[in-house]
Amino acid sequence: MEADSANLLPLLENQWGAARLEHLRQIGRIAQQLGTPAYLVGGAVRDLFLKRDAPDLDVAVEGDTRALAEACKAQIHSTHYQFHAQFGTAILESSQGMALDLAQCRLEHYPAPAALPEVRPGNIQTDLARRDFTVNAMAIRLNPQQFGILLDPYDGQADLQAGLLRTLHSRSFLDDPTRILRGLRFATRFQMDLAPESHQQLKQALQADIFTPLSGARLWRELRYLLELEALPSALPLLSAWKLWFLLRPKPPASSTLPTLLQRGHEQIQWLQAQFPDEPLDVFIPMLILIWQDVRLSDIQHCLDRWPVPDRGRLLADLRALPGLPETLLKAKHPSQKANIWQGVSVAGILAAMAIYADNATIVDSARLYLQVQKHLPSLLNGQELQTLGLKAGPSLGKTLKLLREAQLNGEISNKENAQQWLIKQGILPPNLL
Ligand code: ATP
Ligand code: MG
């Protein structure tokens, strides 16, 4: 296994700098004292070779993670840890804000296709053998005498150089189809291709209908990660080449402008964030852009039924509204009518519409007006005040509030006094009131 090993010290020093390296050395030393071999594994090793910054570092240990975390806390100045008993993992945080995920090496067995694996403690060999792609199945030794030695049992380094994503064995996608979507993300982020035999395995897995037994929650989680990719436009040709559109919509989209629309959607998200920093970033904007066109709602229902999306009714309302927006907004003469149309669409839906109809000034301007002004317009008279003026509580009060809001949106009223006069003129309040 170590015949092809290399010492990565120069590369590590160059890429990560002295402080991070010293921290890893300390952990390696402490692991050695406990008789627990420790390794840097997974994405961080891949990112090191790609000369990309690795945001999170995963350390695999052959022994007890909690004991190692505890010893690190005791020996390394101002280090803290959190232990997650359920997964046997620990997060180690150093004073310089460096976070490490410690996990015990595992051996995994898949009892059925697409089911969760059965997990037992293992060693570094079994831990690398359970991984998704060769480029993610490399490890770097942290123990002092061998610090910086690469373990690369599946030739991940060569695949990385060739830009190839290669599974470790022929049943990989059948065991865990989320690896297909992980692969799609890696291919998009790092401009890699599936190795030919892995592409063959992908076809076999799709023929075996492997996404059907996968739980909706696991599928949705992977789709979310995909939709959140900044490079999502580059994933679209891969969704076609890998024949995965069916996960998002009944048939592939016909439009060739989707990458542009997604880019615009991304710009809308940034605009929204600048305007409303508290509004959560939303995967529904790219999702709506990808699925709104040329689909029958009854067909897309099948996909939606699989996803545990929090507010499906809202999503369906958006999908229903989006195609007809140019026409319905054109017909709406008054500002209040336009605002009412936007009120029936979610914020994500509005931003998706701004991206989809970016060339249509009527839509974009009225959407902005709605988000910036109309949506949060404080009412001139509230229910309490209307009751003080003599109106009864109940559905008719709600109707009056709605009428007031519309009059306000249309610029007919602008303060409490003229709102009262307006209500008198409408016959809602008696004339002798003022
Ligand atoms: P990044 O975090 O940059 O997206 P990563 O490779 O670190 O990439 P993680 O999701 O953080 O990805 O997972 C860490 C490692 O765990 C991976 O590199 C891979 O080796 C392994 N892994 C994660 N999910 C799976 C899976 N479904 N099947 C097999 N191995 C997996
Ligand atoms: Mg990671």
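Reader: Let me start with one residue. How do I tell where Asp155 falls on the scale from buried to exposed?

Author: This is a predicted model, so keep in mind that we're reading a prediction. The general idea is to look at relative accessible area: under 20% is buried, over 50% is exposed, and anything in between is partly exposed. Asp155 has a relative accessible area of 43%, so it counts as partly exposed.

Reader: Okay, and where in the chain does Asp155 lie?

Author: Look in the loop between strand E9 (150-151) and helix H5 (156-162). There's something else to spot at this residue. Most residues other than glycine have a negative phi. Asp155 isn't a glycine, yet its phi is positive, about 60°.

Reader: What about Lys51, what is its phi?

Author: Another positive value in a residue other than glycine: phi of Lys51 is near 55°. You'll find Lys51 in the loop between H2 and strand E2 (57-61). The cut-off for exposed is over 50%, and Lys51 has a relative accessible area of 54%, so Lys51 is exposed.

Reader: Now the ligand. Which residues come nearest to ligand 1?

Author: A good way in is to list the surrounding residues, then sort them. There are 14 residues around ligand 1, and Arg46, Asp176, Arg179, Arg182 and Arg189 come nearest. Sorted by class, the shell has nine charged, four polar and one nonpolar residue.

Reader: Which polar atom pairs should I look at, say for Asp176?

Author: Here you check distances between N and O atoms. A nitrogen atom of ligand 1 sits 2.8 Å from an N or O atom in the Asp176 side chain. With Arg131, the pair is an oxygen atom of ligand 1 and an N or O atom of the side chain, 3.0 Å apart. Asn136 uses its backbone instead: one of its polar backbone atoms is 3.1 Å from an oxygen atom of ligand 1.

Reader: How much of ligand 1 does the protein cover?

Author: On its own, ligand 1 has 580 Å² of accessible area, and the protein covers 77% of that. Helix H2 (43-49) and helix H7 (178-190) are the elements giving two or more residues to the shell. H7 has the largest share, with five residues.

Reader: Next up, cysteines. How many disulfides does the structure hold?

Author: You'd look for two cysteine sulfur atoms within 2.5 Å of each other. This structure holds zero disulfides. Take Cys72: the nearest cysteine sulfur belongs to Cys105, and it's 15 Å away. Cys105 is in no disulfide either, with the sulfur of Cys72 as its nearest, 15 Å off. Cys72 counts as buried because its relative accessibility is 0%, and Cys105 is buried too, at 1%.

Reader: Can we practise on a helix residue? What does Ser336 touch?

Author: For this, skip residues up to four places away in sequence and see what is left. Ser336 then touches Glu406, Leu409 and Asn410. Ser336 has its place in helix H16 (residues 335-343), and its 5% relative accessibility is why it counts as buried.

Reader: And Arg312, which residues is it in contact with?

Author: Leaving aside neighbours within four places, the contacts of Arg312 are Leu304, Asp305 and Trp307. Arg312 lies in helix H14 (residues 312-321) and counts as partly exposed because its relative accessibility is 29%. You can also compare sequence and space: Arg312 and Glu417 are 105 residues apart in sequence, and their C-alpha atoms are 42 Å apart.

Conventions. Residues numbered from 1 in each chain as written. Chains lettered and ligands numbered in written order. Predicted model: local features only at pLDDT ≥ 70, side-chain atom pairs only at ≥ 80, totals over all residues. Heavy atoms only, no water. Near = heavy atom within 4 Å. Polar contact = N/O pair within 3.5 Å; in protein donor to acceptor, adjacent residues only side chain to side chain. Areas by Shrake-Rupley, 256 points an atom, 1.4 Å probe, with all protein chains shown as cover. Helix = DSSP H or I, 4+ residues; strand = E, 2+ residues; numbered from the N terminus. Nonpolar A, V, L, I, M, F, W, Y, C, P; charged D, E, K, R; others polar. Buried < 20%, exposed > 50% of the residue type's maximum accessible area, 1.4 Å probe, protein only. Contact = heavy atoms within 4.5 Å.
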